[in-house]
Amino acid sequence: MAGLAQVKSANASFTERKTMAVLNAPLVASGTLEYRAPDWMRKSTTSPMPESFVLDGQQVTMMAEGQTHVFALGEDPLIGGLTEGILATLAGNLAALNRVYTVRFSGGPTDWQLVLRPRDAGLTRFVAWLCIRGSETRINTIDTASANGDHSEMSVNETIGNAR
Amino acid sequence: MRGRFALALWLFGVAACAVLVAHMRLQTDMAAFLPRAAPMAQQALTDQVNNGAASHLILLSVDGAPAPVLAALSRDLAARLRREPAFIDVVNGDDESFAGVRQFVWNNRYLLSPDVTARHFTVAGLHAALENDLGLLGTDMGGLIQPSLPSDPTGALLTLMGQLAPGQGPKLVDGVWIAQDGAMLLVHTAAPGFDIDAQQRDLALIGAAFDQARAAVPGAAAARLRETGPGVFAVRIRDTTKSDVTRLSMLATVGAVGLLLFAYRSPRVLLLGLLPVASGALAAIAAVSLRFGFVHGVTLGFGVTLIGESVDYAIYLFTQTVPGEPAGVTLARIWPTLRLGAATSVVGFSAMLFSSFVGFAQLGLFSITGLIAAACVTRFVLPALVPRGFSAPGSGVLARPLLAVIAHRSWLRLVVAGAVLAGAAALVLHRGGLWDGDLANLSPIPPADQALDQTLRRDLGVPDLRYFVVFRDGGEEQALEASEALAPILQDLVGAGALAGFDVPSATLPSARTQMRRQAALPDDAVLRARFAEAAAGLPFRSGTFDPFFPDVAKARAAPLLTVASLPPALQLRLQSCWCKDADGWTVLAPLHGVTNPAGVATAVARLPGVQFVDLNHESDALLRTFQRDATRLAVFGSFAILVVLLVGLRSSRRVLVVAAPCAAAVIVTAALLTLDGKLSIFMVVGFLLIIAVGSNYCLFFERPEHDAAPRRRAVAAIVLANLCTVSAYGLMSFSHIPVLHDIGKTVAIGTFLSLFFGAVLSTRDAPA
């Protein structure tokens with residue numbers, strides 16, 4: 001965690017596979033991720049549909065199909081909880097992480113795994129658990145499972161080395 | 001014999017008037033103070049203010065504790081208020097706040113959604129919808145649409161939520177609205193804002209619920225509740241008025257009774273002095289009630305002020321009674337002057353009869369009737385009731401200072417001339433206009449309360465409504481269809497950037513015609529299933545996913561059409577806020593938000609017949625200007641009429657000048673003094689009329705040819721006593737917190753005192769002093 005806290009910025013490409021109860025085949029999306037410490041990140045999806053998700057402090061801006069949606073983290077428990085988990089991991093902020101999730105850490109420095117389970121019952125309706133895997137200060141995969149069995153696996157590939 | 005006949009006639013009159021007054025209808029809404037020929041927009045706006053949806057709203061803010069405590073307080077308070085039948089809806093941003101609307105919109109999505117057209121239910125239309133769903137599932141919003149997807153593959157709900165979204169409300173913290181000024185709640189009362197008793201009970205309920213919530217939530221001891229809204233204002237204004245009027249009128253009564261007791265030294269005469277004004281008020285109320293069918297609350301309060309000079313009639317009679325002389329003889333002596341004084345006031349006030357404001361016209365009739373009745377009672381009833389041998393022993397002392405002024409009047413004339421010149425110069429040179437053009441300053445709502453209202457509205461994201469599109473229609477269905485015709489035009493204007501948003505009744509409740517068209521666009525069950533199977537072929541949806549969709553469509557095809565009554569409370573409120581019903585039909589007031597190009601919007605909506613674009617600021621400015629023009633015209637016409645009456649009564653233009661000059665001088669200097677700390681309000685014009693009405697009486701008595709010193713002294717004593725009563729009563733009124741009372745009180749107190757002084761200096765004859 002302390003290692004992650006050293007990271008000031010990161011860029012990565014990602015591929016996300018979503019498995020859903022309503023679909024008989026997974027959906028695949030890809031794009032880029034950017035992170036600037038302590039609380040700015042952007043997820044830009046390029047395929048199959050361009051959209052972007054920007055978190056700036058407490059404010060989220062979502063853009064899809066030419067529509068822009070701005071709201072505060074506190075407004076939407078789903079996105080708020082999810083984002084706080086990822087952000088707290090990126091920032092290496094264990095205290096913030098512990099506030100929202102029960103945290104289980106396993107593995108060694110080159111092959112670690114964080115399993116997060118929401119503390120709030122309302123949040124569990126949407127996110128059953130998050131599993132973040134990485135080595136050193138890199139994040140390699142983020143898996144998300146929701147209560148209805150839907151599941152998303154995101155593999156992350158850092159394109160530029162971490163700036164410290 | 002004649003006295004007894006007059007007494008009998010008076011008693012009969014009092015009885016008749018009392019019967020009429022007992023049956024009068026009191027009205028308090030402000031419509032009577034709108035011009036008779038008010039345009040549709042102004043009429044509709046007052047209706048909306050008085051009876052509209054907005055009048056049912058109370059805005060609450062809870063502050064003085066950390067956010068998590070405020071959130072808990074908000075939840076607890078909302079839960080308590082939701083149990084009270086006095087409140088139709090309590091919204092604090094939590095799930096329950098919107099549950100009713102959400103459920104309603106979901107259940108009726110196929111009647112409400114503009115996306116329900118035949119094209120959307122063809123094979124191609126369904127296929128396009130499913131492909132769109134697939135795209136959405138892949139996005140970060142996928143999780144949000146997934147629960148509703150099986151029942152709503154065509155996305156009817158999604159379009160609707162965009163359309164019915166409550167706008168930019170405050171931020172949610174811990175699931176409830178928390179803004180800069182604390183936790184925010186919106187309470188929708190069952191009672192309208194003008195039902196002040198009900199609103200007072202509702203406020204008490206809210207206060208009690210808050211106290212309980214504060215006791216129940218840990219750490220909330222220091223939290224504070226603030227409330228605002230039309231009903232809250234109505235209650236506060238009534239409280240202020242009540243306390244102001246009670247306190248000030250008690251003080252004024254004590255002052256006047258003290259003065260008169262000192263002068264008369266007879267409680268019986270003191271009470272007799274009230275007969276003219278009391279009889280006058282009774283007759284005036286009866287006359288207004290007969291002529292207009294109702295009496296406005298303002299007329300009642302104001303009218304009594306206007307006929308206040310009739311208290312002076314008795315003073316003139318009692319104070320000038322010579323010891324040993326029957327009151328009848330005194331009266332015969334002073335009657336011509338008294339009559340002329342009353343006549344000048346009557347014609348002065350009669351100008352108001354021709355006002356375009358019903359309220360002013362009522363005031364005119366009230367004061368004319370009241371003064372005539374009071375003068376008649378003074379003339380025909382009072383003398384018979386005054387005890388024999390009465391004279392006012394204390395009045396001599398009161399006259400002394402003014403007699404000194406009169407003795408030095410030759411050089412004091414220069415002082416008066418200087419004051420008038422200075423006053424006139426100040427008025428002419430006054431910069432930035434003499435008249436206060438800000439309607440807010442006329443409002444009886446204190447500035448602090450107005451500011452709080454603004455803040456809470458901003459926090460709640462309730463936009464400041466300035467622009468509206470207004471039209472009328474005969475029936476509910478026609479109004480809905482007309483607003484459906486208007487909506488696309490407004491939508492185009494939103495697209496062009498001329499405005500940010502709008503609300504029309506049909507956005508909440510589509511017309512019956514539209515609902516039927518949507519039902520007709522839904523295919524029957526077998527056709528829908530066949531088309532859907534074809535549309536879904538080749539897409540990766542698991543089979544059976546959309547099973548809940550088909551029964552929902554089948555149910556919607558047969559569902560009864562939605563009416564106003566089927567809407568949940570929050571949507572009913574929203575609907576009522578954009579239209580109102582009166583005897584001849586419906587007036588639609590579609591509010592527009594974020595208008596950047598008013599002229600463009602006005603031109604665009606004018607393409608529809610009978611549709612008007614309204615700028616509220618412009619309308620209220622126009623209203624104020626009409627008010628000012630009316631008031632000024634009344635003052636000018638009234639002054640002219642007074643001059644004519646004086647000319648007829650005095651038969652000498654020189655004498656008219658001597659009587660009128662001090663009054664004019666008093667008005668000029670008073671106006672100049674009033675502009676020292678601000679601008680002139682339209683209420684002050686009424687004050688100027690009163691100065692002339694009362695002041696001309698003083699001058700008439702000063703100008704009376706009295707050849708002996710003793711009657712002269714008594715006349716001066718009478719004027720001084722009358723003036724002391726007037727100045728103390730109006731001076732106290734100027735301490736009121738209500739602008740109308742404050743302005744008139746200040747104007748009249750200063751002006752009548754100046755009239756006394758100026759009259760003594762300018763009107764007194766140079767014959768033996």
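This passage walks through a predicted model of two protein chains, A and B, starting where they meet and then moving into each chain.

The meeting of the two chains makes a good starting point. On one side, 22 residues of chain A take part, and they are in contact with 18 residues of chain B. Putting the chains together buries about 2000 Å² between chain A and chain B, and carbon and sulfur atoms give 57% of that area. Five residue pairs, both members at pLDDT 80 or more, are in polar contact between chain A and chain B. Two strands of chain A help to build this contact: strand 4 (51-56) and strand 5 (59-64) each supply at least two residues of the side that touches chain B. Sorted by class, that side of chain A has 12 nonpolar, three polar and seven charged residues. Despite the charged residues on the chain A side, zero salt bridges are found across the interface of chain A and chain B.

Within chain A, strand 9 (residues 129-135) offers a helpful landmark. Five of its seven residues are buried, so strand 9 is largely enclosed by the rest of the structure. Strand 9 has a partner in strand 8 (residues 111-118) of chain A, with five bridges joining the two in an antiparallel arrangement. In this pairing, Gln113(A) sits opposite Arg133(A) of strand 9. Strand 9 also pairs with strand 10 (residues 138-145) of chain A, again in the antiparallel sense, over seven bridges. Here Ser135(A) has Arg138(A) of strand 10 as its bridge partner. Strands 9 and 10 of chain A form a hairpin with two residues between the strands, and in this hairpin Glu136(A) takes a positive phi near 55 degrees. Elsewhere in chain A, a network of salt bridges links Glu34(A), Arg36(A) and Arg42(A).

Chain B has a landmark strand of its own. In strand 6 (residues 182-189) of chain B, eight of the eight residues are buried, and the strand is mostly covered. Several strands of chain B pair with strand 6, among them strand 2 (residues 57-63), which runs antiparallel to strand 6 over six bridges. Leu60(B) finds its bridge partner in Leu185(B) of strand 6. Strand 3 (residues 87-91) of chain B is likewise antiparallel to strand 6 and is joined to strand 6 by four bridges, with Phe87(B) standing opposite Thr189(B). Strand 5 (residues 176-179) of chain B adds an antiparallel pairing with strand 6 over two bridges, in which Ala179(B) is matched with Gly182(B). A hairpin of two residues leads from strand 5 of chain B to strand 6 of chain B.

Salt bridges come next. Over all chains, the whole structure holds 19 of them. One joins the side chains of Asp63(B) and Arg224(B), at 2.8 Å from N to O. Asp63(B) belongs to strand 2 of chain B and Arg224(B) to strand 7 (residues 224-228) of chain B, so the pair ties together parts that are 161 residues apart in sequence. Asp63(B) counts as buried because its relative accessibility is 12%, under the 20% cut-off. Arg224(B), in turn, is partly exposed, with a relative accessible area of 41%.

A further salt bridge of chain B links Arg82(B) with Asp94(B), whose closest N and O atoms are 3.1 Å apart. Arg82(B) lies in helix 3 (residues 67-82) of chain B and Asp94(B) in the loop between strand 3 and helix 4 (95-107), so this pair ties together parts 12 residues apart in sequence. Arg82(B) is partly exposed at 23% relative accessible area, while Asp94(B) is buried at 10%.

Arg109(B) and Asp552(B) also meet through their side chains in a salt bridge, at 2.7 Å from N to O. This pair links distant parts of the chain: Arg109(B) is in helix 5 (residues 109-112) of chain B and Asp552(B) in helix 24 (residues 549-558) of chain B, 443 residues apart. Arg109(B) is buried, with a relative accessibility of 2%.

A last stop in chain B is Asn723(B), a residue of helix 30 (residues 709-733). Asn723(B) is buried at 1% relative accessibility. Leaving aside residues up to four places away in sequence, Asn723(B) touches Tyr698(B), Thr752(B), Phe753(B) and Leu756(B).

Definitions and conventions:
Residues numbered from 1 in each chain as written. Chains lettered and ligands numbered in written order. Predicted model: local features only at pLDDT ≥ 70, side-chain atom pairs only at ≥ 80, totals over all residues. Heavy atoms only, no water. Contact = heavy atoms within 4.5 Å. Buried area = accessible area lost by both parts, 1.4 Å probe. Salt bridge = Lys/Arg side-chain N within 4 Å of Asp/Glu carboxyl O. Polar contact = N/O pair within 3.5 Å; in protein donor to acceptor, adjacent residues only side chain to side chain. Nonpolar A, V, L, I, M, F, W, Y, C, P; charged D, E, K, R; others polar. Buried < 20%, exposed > 50% of the residue type's maximum accessible area, 1.4 Å probe, protein only. Pairing = 2+ DSSP bridges.
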